[in-house]
Amino acid sequence: MGDKCEPASSCGCEHQGRFYRPGEQFWADERCQVRCRCDHALGMVVCEEAQCGATEMCQMVDGVRDCFPASESVCVVSGNLHHKTFDGVRYQLSRGCVYRLVALQSNASRSLLPLEVTVENTPRGSSQTSYTKTVTLHLNGTTLVFSVTQPGKIRVSEC
């Protein structure tokens, strides 16, 4: 316990009575205007001015203060590839193609996980109709593939 030396880089930091692990980031104020991190090389907390993104708001969720989306929205794909986007625009894609359904455009506050969903369509008998052959979800370094060629199975790979 007290008979071993630990390198300073493995020690955490104390800030306003709380302990933070090396590299851990946190908001130091209630309005998310001061972002801090435990700098393991310096062995101390380093803070700088920051703010939530334009479509985010500073909130406390499950005891953690961070920037969260200010609103929620849903996109829908159904039937013969009818699409309704997050902003309510409707499309009908009837050709074979691969397209990006959802992707994280920016992550200024670093509070969201990297995300992308792609869909592969295949023509169904004629060029006027098609069906979804695969849906691929890339989330935080893991890829999940759902395919009609392997019903009931999910292919998982990690980067």
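C32 sits in the loop that runs between strand 3 and strand 4 (34-39). In this predicted model, the phi angle of C32 is near 55°, a positive value in a residue other than glycine. C32 is buried, because its relative accessible area is 1% and the limit for that class is under 20%.

A second residue with a positive phi is Q16, where the angle is about 50° although Q16 is not a glycine. Q16 belongs to the loop between strand 1 (13-15) and strand 2. Is Q16 buried or exposed? Q16 counts as exposed, since its relative accessibility is 69% and the exposed class begins over 50%.

**Overall make-up**

The chain has 15 strands and zero helices. Of its 159 residues, 23% are buried. Among contacts in the chain with a separation of 6 or more, 23% join residues that are 24 or more positions apart.

**The aromatic pair**

One aromatic pair turns up in a search of the whole structure. Y20 and F26 form this pair; their ring centres lie 3.7 Å apart and their planes meet at 10°, so the arrangement is stacked. Y20 is buried at a relative accessible area of 6%, and F26 is buried as well, at 8% relative accessibility.

**The second largest pocket**

Y20 and F26 appear again in the lining of the second largest pocket, where they are among the residues nearest the centre, together with R18, W27 and R65. The lining has 17 residues in total. Strand 2 (18-20), strand 3 (25-27) and strand 7 (64-69) are the elements that give two or more residues to this lining. What is the chemical make-up of the residues in the lining of the second largest pocket? Seven are charged, six are nonpolar and four are polar. The space in the second largest pocket comes to about 410 Å³.

**Salt bridges**

How many salt bridges does the count give? The count is three. They are listed below with the distance between nitrogen and oxygen.

| Salt bridge | Closest N to O distance |
|---|---|
| R21 and E24 | 3.7 Å |
| R37 and D39 | 3.0 Å |
| R100 and E116 | 2.7 Å |

The pair of R100 and E116 is formed at an N to O distance of 2.7 Å. This pair links distant parts of the chain, with R100 in strand 11 (residues 97-103) and E116 in strand 12 (residues 115-124), 16 residues apart. R100 is exposed at a relative accessible area of 56%, whereas E116 is partly exposed at 22%.

In the pair of R21 and E24, R21 is exposed at 55% relative accessibility and E24 is partly exposed at 23%. In the pair of R37 and D39, R37 is partly exposed at 36%, while D39 is buried at 12%. D39 is therefore classed as buried on its own value of 12%, the limit being under 20%.

**Y131 and its surroundings**

Y131 is part of strand 13 (residues 126-139). With 29% relative accessibility, Y131 counts as partly exposed. Which residues does Y131 contact, leaving aside its neighbours within four places in sequence? They are L81, E120, N121, T122, P123, R124 and V148. Strand 12 covers residues 115-124, and the contacts of Y131 include E120, N121, T122, P123 and R124. Y131 can also be placed relative to R95: the two are 36 residues apart along the chain, and their C-alpha atoms are separated by 8.8 Å.

**G53 in a loop**

G53 lies in the loop between strand 5 (44-49) and strand 6 (56-61). Its relative accessibility is 23%, so G53 counts as partly exposed. How far apart in space are G53 and A70, C-alpha to C-alpha? The distance is 9.7 Å, for a sequence separation of 17 residues.

Technical notes:
Residues numbered from 1 in each chain as written. Predicted model: local features only at pLDDT ≥ 70, side-chain atom pairs only at ≥ 80, totals over all residues. Heavy atoms only, no water. 1 Å grid on protein atoms, 1.4 Å probe; cavity = no way out; pocket = protein on both sides within 12 Å on 5 of 7 lines; lining within 4 Å. Points joined across faces, edges and corners; volume = space filled by probe spheres on them. Helix = DSSP H or I, 4+ residues; strand = E, 2+ residues; numbered from the N terminus. Nonpolar A, V, L, I, M, F, W, Y, C, P; charged D, E, K, R; others polar. Salt bridge = Lys/Arg side-chain N within 4 Å of Asp/Glu carboxyl O. Buried < 20%, exposed > 50% of the residue type's maximum accessible area, 1.4 Å probe, protein only. Phe/Tyr/Trp six-rings, centres within 6.5 Å; stacked < 30°, edge-to-face > 60°. Contact = heavy atoms within 4.5 Å.
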